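Please open the structure in a viewer and keep the selection tool at hand. The tour below proceeds by selections, each followed by an account of what is found there.

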Amino acid sequence: MDAPAPLIEVTRLDAWYGRRQVLFGVDFTVRPGEIRVIMGGSGSGKSTLLRHLLGLQRPAAGSVRLFGVDLGRASERELLGVRRRIGVSFQGGALLTSLSVGDNVALPLREHTDLDEATIRIMSRLKLEVVNLGGFQDLMPSQLSGGMVKRAALARALVMDPRLLFFDEPSAGLDPVVSAELDELILRLRDALRMTIVVVTHELESAFKIADTITVLDQGRVLLTDSVAAVRAADNERIQDLLNRRPREVPVDAEAYLRRLTEERA
Amino acid sequence: MNALARPLHALGRTTLGAVAGVGYAAMLLLESLYYLVAGRRVGQRVRLAAIAQQMREIGVDALPIVALLGFTVGLMLGIQFIASLAEFGAQSQVVVAVAKSVTREFGALITAILVAGRSGSALAARIGSMSVSQEVDALAVIGIEPVRYLVAPALVAMLVMLPVLTIFANAVAIVGAALYSAPALNVTPSAYLLQTLSLLSPGDVWQGLSKSVVFAVLITLIGVSTGFSVSGGAEGVGRATTRAVVLSICWIIVVDMVFSWFINR
């Protein structure tokens, strides 16, 4: 049998915010069953890459394919088909504040399936149990702590049993113990549910713990995609800066510097 | 050169922004209508429960305040018409004056301004805070089109409830006017109301109602489009809320004038 087709295939992706280019010809491939960590400092373009992977932004150039569907050219129906097969846990959780935790988790089931209410209730409570939030279904999101919000968001992402799970900054704003627990949870999910997981993070420790492979982004370019050991051993200066928390040395281009200072609309 | 270029530049930019805003609102309207008609076929059904909830928030919850304001405006019109018509000895005309001005203008206008302040701002605040906290993105990746989930139910609810509230405000205002004017005219309030009914033509009521339908579209679209374009965190949400109310009320008054002009030409 051939190697399984990649679940995510990004080719030569460019992205712009206004006049500023944030992604430069990014290539990115994820195969089924792996945990891929997208790592990079602030402003490296990792959030922008994620938004493109989720089909929230259209590529300026290049293409993004999930399950073989080109998100930029997909019809509404195809896009919906893709979205039913992915789960996303956003950085701030993004639980709907007007709905209880249980209703948040049940939302995808209510919208996409014709299951009866009892089944939906059982399925959503099951997923809350998976993330250790059993019994919290009647609370409102505002009553949860930061770690609980993330776990509830994870439960919502899992409720349709996605083949592909995206996780944006799982440990941002959490204390070390809670974020370690979340890392464990991610590993358990992969082993138990055979999911492919893409994690965006700037936390080195958690990245090394959960990743099978790491993609390092820097200033809109992919520096390296490789196994954890290879990334640790990489002799690229920027990667070592990231790993050793060294402040980067920004080279100063005198001409560009002057232009930025003097031009009216730089 | 520069002295001329800068204001021109600003003017051009503002114009572009305004045109873009109108275009965006029109797109939201078309998309909502599309999901209302064809949503079921593309797996984006607009839920009746969501519409019902919006109808409660926009319509039912507004009944007390609409009643209060409608009654007060009716009372006020009664007082003013009695006072000013008395100068010509034409107090008896107060019935027709109140009936026509309430049904053609004030009922629809007061209701629309009130709903813009209550529900237009609420829509902007809700959608604005949802975009700030990535909830709108979350809806999209779950496979729920934000326009279908957030805009279409509000649009339908507004289109139903604003005319209903307008009829209600008309009735309450006329009763308010009757309570003041009837004693002044030496008739019973019920005789006043019967005379009002005999003087009103369906056209008067339709004029108010057709305007309220247009106001409903305006309030919804301004509320949701300012909500979706929120940037800059909690402060941005506050700004969008204010902007939604001010813009809605300006548009309502201008459109009201234009409408009145065309209908009464």
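Two strands are taken to pair if DSSP finds at least two bridges between them. The model shown here is a predicted one.

**First stop: an edge of the mixed sheet in chain A**

Select A:Ser89 and A:Phe167. A:Phe167, in β7(A), is the bridge partner of A:Ser89. The strands β6(A) and β7(A) run parallel and are joined by four bridges.

Now extend the selection to the whole sheet. It is an open sheet of six strands in chain A, with the order β6-β7-β8-β3-β9-β10 and mixed pairing. The edges are taken by β6 (86–89) and β10 (221–227) of chain A; each has a single partner strand, so one side of each is left without a neighbour in the sheet. From one strand to the next, the twist averages 15°.

**Second stop: strand β8 of chain A**

Select residues 196–201 of chain A, which form strand β8. Is this strand mostly covered or exposed? It is mostly covered, as six of its six residues are buried. Display the side chains to see the two faces: A:Thr196, A:Val198 and A:Val200 point one way, and A:Ile197, A:Val199 and A:Thr201 point the other way, all of them buried.

Next, add the strands that pair with β8(A). Strand β3 (residues 35–39) of chain A runs parallel to β8(A), and five bridges join them. Within this pairing, A:Ile38 stands opposite A:Val200. Strand β7 (residues 164–168) of chain A is also parallel to β8(A) and is joined to it by five bridges. Here A:Phe166 has A:Val198 as its bridge partner in β8(A). To follow the connection, trace the chain from β7(A) through helix α6 (residues 176–193) of chain A to β8(A): this β-α-β crossover is right-handed.

**Third stop: the antiparallel sheet of chain A**

Select β1, β2, β4 and β5 of chain A, which form an open sheet in the order β2-β1-β4-β5 with antiparallel pairing. At the edges stand β2 (20–30) and β5 (69–70) of chain A, each with a single partner strand, so one side of each is left without a neighbour in the sheet. Strand β4 (residues 61–66) of chain A pairs with β5(A) in the antiparallel sense over two bridges. Select A:Arg65 to see that it stands opposite A:Asp70 in β5(A).

**Fourth stop: two residues with positive phi in chain A**

Most residues other than glycine have a negative phi. Which loop holds A:Phe67? The residue lies in the loop between β4 and β5 of chain A. The phi of A:Phe67 is near 50°, a positive value in a residue other than glycine. A:Phe67 counts as partly exposed because it has 16 C-beta neighbours inside 10 Å.

Move next to A:Asp161, in the loop between α5 (146–158) and β7 of chain A. Its phi is likewise positive, near 50°. A:Asp161 is exposed, with 12 other C-beta atoms within 10 Å.

**Fifth stop: chain B**

Hide chain A and display chain B alone. What does its secondary structure come to? Chain B has nine helices and zero strands. The C-alpha trace spans about 65 × 60 × 35 Å along its principal axes. Of the 265 residues in chain B, 44% are buried. Among contacts in chain B between residues at least 6 apart in sequence, 85% join residues at least 24 apart.

Select helix α3 (residues 63–86) and helix α4 (residues 94–132) of chain B; their axes come within 10 Å and cross at roughly 145°. The crossing of α3(B) and α4(B) is right-handed. Residues that make the contact include B:Leu69, B:Val73, B:Leu77 and B:Phe81 of α3(B), and B:Val98, B:Val102, B:Phe106 and B:Ile110 of α4(B). By class, this contact of α3(B) with α4(B) has 15 nonpolar, six polar and no charged residues.

**Last stop: where the chains meet**

Restore chain A and display the interface. How many residues of chain B are in contact with chain A? There are 12 in chain B, in contact with 17 residues of chain A. The side of chain B that touches chain A has six nonpolar, four polar and two charged residues.

Note on methods:
Residues numbered from 1 in each chain as written. Chains lettered and ligands numbered in written order. Predicted model: local features only at pLDDT ≥ 70, side-chain atom pairs only at ≥ 80, totals over all residues. Contact = placed C-beta atoms within 7 Å. Nonpolar A, V, L, I, M, F, W, Y, C, P; charged D, E, K, R; others polar. Buried ≥ 20, exposed ≤ 12 C-beta atoms within 10 Å, placed from the backbone. Right-handed = clockwise from strand over helix to strand, strands pointing away. Axes fitted to C-alpha atoms, helices over the stretch in contact; angles between N-to-C directions. Left-handed = near helix turned anticlockwise from the far one by under 90°.
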